[in-house]
Structures are given as structure tokens and as C-alpha cells.
Amino acid sequence: MKAVKIGVLGLGTVGGGVVNVLKRNVKEISRRAGREIIVTRASARDLSRDRICDIDGIELTTDSFEIINDSEVDIVLELIGGVGLAKELVLQAIEKGKHVVTANKALIALHGNEIFAKASEKGVMVLFESAVAGGIPIVKAIREGLSGNQIEWLAGIINGTGNFILTEMRDKGRDFSDVLAEAQALGYAEADPTFDVEGIDAGHKLAILASLAFGIPLQFEKVFTEGITQITRADVEYAEELGYRIKHLGIARKTEKGIELRVHPTLIPERRLIANVDGVMNAVLVQGDAVGSTLYYGAGAGAEPTASAVISDVVDIVRVLTGDPEHRVPHLAFQEDALSDIPVLASEQFQTAYYLRLTAEDKSGVLAEVTKILADHNISIEALIQKEPLEGKKIVPVIMLTQTTLEKEMNAAIIEIEALPTITGLISRIRLETLG
Ligand code: HSE
């Protein structure tokens with residue numbers, strides 16, 4: 001049978017990794033796919049640059065549109081990133097009847113609804129396994145492996161840079177900015193690293209996972225995001241004292257009222273496997289009503305782990321190239337006319353437990369005032385520790401864990417507690433999930 005021809009847009013870290021793995025494993029991959037798969041064309045901004053991949057036999061160009069317009073190319077791999085040019089290229093490739101594989105989480109999270117509608121109209125596939133959690137086949141696991149389940153919730157460490165920062169701060173007492181610079185040098189961080197540390201990148205990935213899990217349209221604009229920049233070493237240590245680890249989690253949970261979509265630093269009991277996922281590694285915990293709890297772990301970034309996921313999409317496309325378009329696996333796991341309008345909840349409707357750290361005057365009655373405010377808002381305290389007075393001062397750090405409560409009540413209680421004359425500065429609040 002005729003070989004399937006691939007055009008690669010972008011020969012950076014991911015594009016280079018894809019070319020290398022495809023060449024190295026060509027026999028194995030072709031045996032799996034049932035057809036030979038060859039990269040015939042590739043585009044790069046600067047053709048004179050040294051490459052991590054062997055470009056022998058690949059026709060290079062600086063103009064990605066040339067590849068889109070090449071009638072010989074069957075599948076286009078969009079590996080350039082960003083949402084401007086990448087969107088235009090993907091839409092034009094679809095228009096030309098080409099199948100597309102993309103590693104671009106922002107593109108799918110922000111424009112996926114439009115892209116998939118166009119792909120369905122043209123009868124082509126747009127696959128994006130590598131857009132979430134790099135080499136972990138989490139898209140396929142949810143879309144196919146768990147298709148017999150009602151997904152109840154999922155929680156993931158889906159940004160390697162953020163996880164690396166939190167791990168190094170905990171294990172080595174290193175500074176935030178120093179660790180971030182290392183993640184950038186290692187090529188893990190986004191072009192704009194605030195995407196990593198403020199939860200935007202994880203938010204893109206969470207929006208995609210939630211659509212696959214719950215059959216809702218992509219709604220990145222409704223994802224609540226809170227970054228890790230406010231986490232101090234003291235919080236990391238107090239959490240450990242209480243038996244928890246702090247992780248930057250993306251959580252999607254279906255409740256009776258709607259769906260919670262949130263990315264924020266989270267206390268997790270240290271006995272949970274996911275609490276022990278360290279460094280740049282990613283992990284996603286998925287709770288299905290039939291299967292129970294399942295955990296997927298692996299490299300969330302890097303040239304070859306990401307290439308592994310990109311190539312799995314290529315193999316899927318090659319397998320169904322001769323199939324009936326009507327019966328292909330739907331882009332967002334559910335049939336397009338069966339997507340649900342179940343609402344995504346506003347953050348005030350979230351239900352979660354909390355870690356609170358406040359600084360109080362060291363005198364009688366202060367804690368009573370604080371606990372009264374919490375009680376007035378129906379917030380129950382799970383644990384409380386009061387540390388020694390800070391050196392030379394008459395103020396003490398107080399750390400509390402609460403039971404699950406409505407975020408709206410917690411917001412109101414925090415405002416009232418911060419207004420007490422006996423409380424100094426702002427309260428540090430980190431959400432806590434037992435993930436049981
Ligand atoms: N900046 C991302 C991360 C890269 O650190 O996880 C992979 O999406």
C-alpha cells in the first residue's frame with residue numbers, strides 16, 4: 001500500500017523529536033499502522049540553524065503554507081505553537097482535506113470548537129494527544145479506555161515547570177526564581193513562563209481534559225486559575241507537618257449544580273501517589289464510576305516524550321484513513337451533536353477544604369474571635385497549630401485546616417478575619433483536596 005506522507009510544521013524541540021523517533025522506529029511504527037509513514041516535508045523559520053534531528057530526505061521550506069498546499073502531503077503536524085499563525089495553518093490544512101495532528105494546547109483550548117466543527121464538515125481528523133501531559137496517553141485513556149464510565153472528577157499535575165519549582169523549593173529550599181530559570185534553560189517552560197507559574201498552561205490542558213471527560217464544549221475562559229507565586233517555604237513546611245504536600249493541581253469535578261474547573265496550589269495528603277509525583281513529571285488521576293480511581297504518570301514535556309504522543313496520533317489517523325468518516329472517534333470523545341450544556345460553575349460555588357495561615361497577636365481571645373467568624377460561616381476546623389511567637393515580636397503564626405466548605409463562605413470569612421485588629425497582614429489560603 002502507498003506510503004502515508006507527513007508534513008511537519010516546525011522543527012523545534014518537538015518537531016525535531018518527532019523526526020528522530022519516526023526515523024529511528026520507522027519499521028515498528030509502520031508495522032503497527034499497516035502503512036509506511038514518511039516525513040517528506042518540513043518547515044522551519046531559519047533553515048541555517050543546527051538541528052537536533054536528521055533532515056536527510058526531507059524537503060525543507062521556510063513557508064509552512066507551501067506544505068499545506070502540497071497535494072502529496074496526507075497529514076500535517078502543527079508543531080509551531082502559538083494561536084495566530086498556527087490557527088490559520090490548521091484551518092487551511094483542514095480546508096485542503098488534510099488530517100492534522102497538533103501539540104498545541106492553547107490552540108485547542110481556545111479555538112478547538114471552531115477547528116473541530118470545520119474538521120467534521122470536511123471529514124478529516126484533528127488529533128491532539130501531545131497537547132496534554134506530553135507523553136502520557138491521557139487523551140486516549142479518557143476518550144477510549146474509560147468510555148464505559150461516567151467520569152466523576154479528575155485531578156492532574158499537568159505543568160512540569162510548576163511541579164519542578166514546587167519540588168525544588170521543598171527538597172532543596174531553593175528560591176522560586178532560581179528554579180524557574182533552570183526550567184527555562186532545560187526547555188520545559190513556555191515561551192512566556194507566566195503561563196506556567198500562573199496556571200494558564202495547566203488551564204488550557206484542564207479545559208481539554210474536562211471536555212473529554214464530561215462531553216462539554218471547550219471553555220477555557222471559565223477555568224479558575226491561581227498561580228504558585230504566593231507559595232512560601234513556610235507553607236510548604238507547615239503543610240508537611242500536617243501530613244500534606246502542596247501541588248499545583250488542575251481539578252475538574254462534576255457536581256449536581258455543574259462543573260468545577262480550577263487550577264490552584266492544593267494540599268494533598270502525602271500518602272496519595274500523586275502527592276509523590278516530583279520534578280518535571282506529570283500525573284493525572286481520573287475517577288470513573290465503574291473503574292474507580294486510575295492514575296496516569298509520565299513525562300509531561302521534552303522532545304521524545306512529546307514525539308511519542310504525536311506519533312500515536314499519526315498511527316491512529318493512518319489506521320482509519322480508509323475508514324468511514326461518520327464512525328471515527330469524535331474529537332472531544334462525545335458525538336458532536338451530543339455535547340452537554342451542563343454549566344461550568346463560578347468559583348464561589350466550589351466546594352473544597354482549606355489550609356489557612358494567619359499571623360495573630362499573641363494574646364488571649366484572638367483565636368476565639370477567629371473561630372467564631374469561621375463558625376458563623378458554617379466552616380468547621382479540622383486541625384489547628386499555633387507556632388512559637390516570631391523572634392522578638394508578639395505575634396504568632398496560626399495554621400488551620402478546615403473541612404470542606406463553600407468557597408463563597410470562605411471568601412466572606414477571610415474578609416472578616418483580615419479586618420480584625422488582632423490579625424496582621426493577609427491570610428494565606430491554599431485549597432486542600434483529599435482525592436479519596
Ligand atoms: N511548559 C509546559 C510544562 C510544557 O512545563 O509542562 C509542556 O506542555
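This note comments on the ligand site and on selected salt bridges of the structure above.

1. The model is predicted, so that local features need pLDDT of at least 70 and side-chain atom pairs count only at pLDDT 80 or more, while totals for chains, interfaces and linings use all residues. Residues are numbered from 1 along each chain as its sequence is written, and side-chain values use heavy atoms, with hydrogens and water left out.

2. The shell around the ligand (residues with a heavy atom within 4 Å of it) consists of K105, N159, G160, T161, Y188, A189, E190, D196, D201, K205, G300 and A301. By class it holds three nonpolar, four polar and five charged residues, where Ala, Val, Leu, Ile, Met, Phe, Trp, Tyr, Cys and Pro count as nonpolar, Asp, Glu, Lys and Arg as charged, and the others, Gly among them, as polar.

3. Among the N and O pairs at this site, a ligand nitrogen lies 2.7 Å from a polar backbone atom of Y188, and a ligand nitrogen is 2.8 Å from a side-chain N or O atom of D196. On the side of K205, a side-chain N or O atom is 2.8 Å from an oxygen atom of the ligand. The protein covers 91% of the 260 Å² of accessible area that the ligand has on its own, as given by the Shrake-Rupley method with a 1.4 Å probe. Helix 7 (160–172) and helix 10 (200–214) are the elements that give two or more residues to the shell; helices here are DSSP runs of H or I with at least four residues, and strands are runs of E with at least two, numbered from the N terminus.

4. The count of salt bridges, defined as a side-chain nitrogen of Lys or Arg within 4 Å of a carboxyl oxygen of Asp or Glu, comes to 37. One of them joins E304 and R24, whose closest N and O atoms are 2.8 Å apart, and this pair links helix 12 (residues 303–320) with helix 1 (residues 13–24), the partners being 280 residues apart. E304 is partly exposed at 32% relative accessible area, whereas R24, at 53%, is exposed; the classes are buried under 20%, exposed over 50% and partly exposed in between (1.4 Å probe, protein chains only).

5. A salt bridge also joins E66 and R41, with 2.8 Å between the closest N and O atoms. Because E66 lies in helix 3 (residues 64–68) and R41 in strand 2 (residues 37–43), the pair ties together parts that are 25 residues apart in sequence. R41 is buried at 7%, while E66 is partly exposed at 37%.

Key: A polar contact is a pair of N or O atoms within 3.5 Å; within protein, one must be able to donate a hydrogen and the other to accept it, and residues adjacent in sequence count only if both atoms are side-chain atoms.
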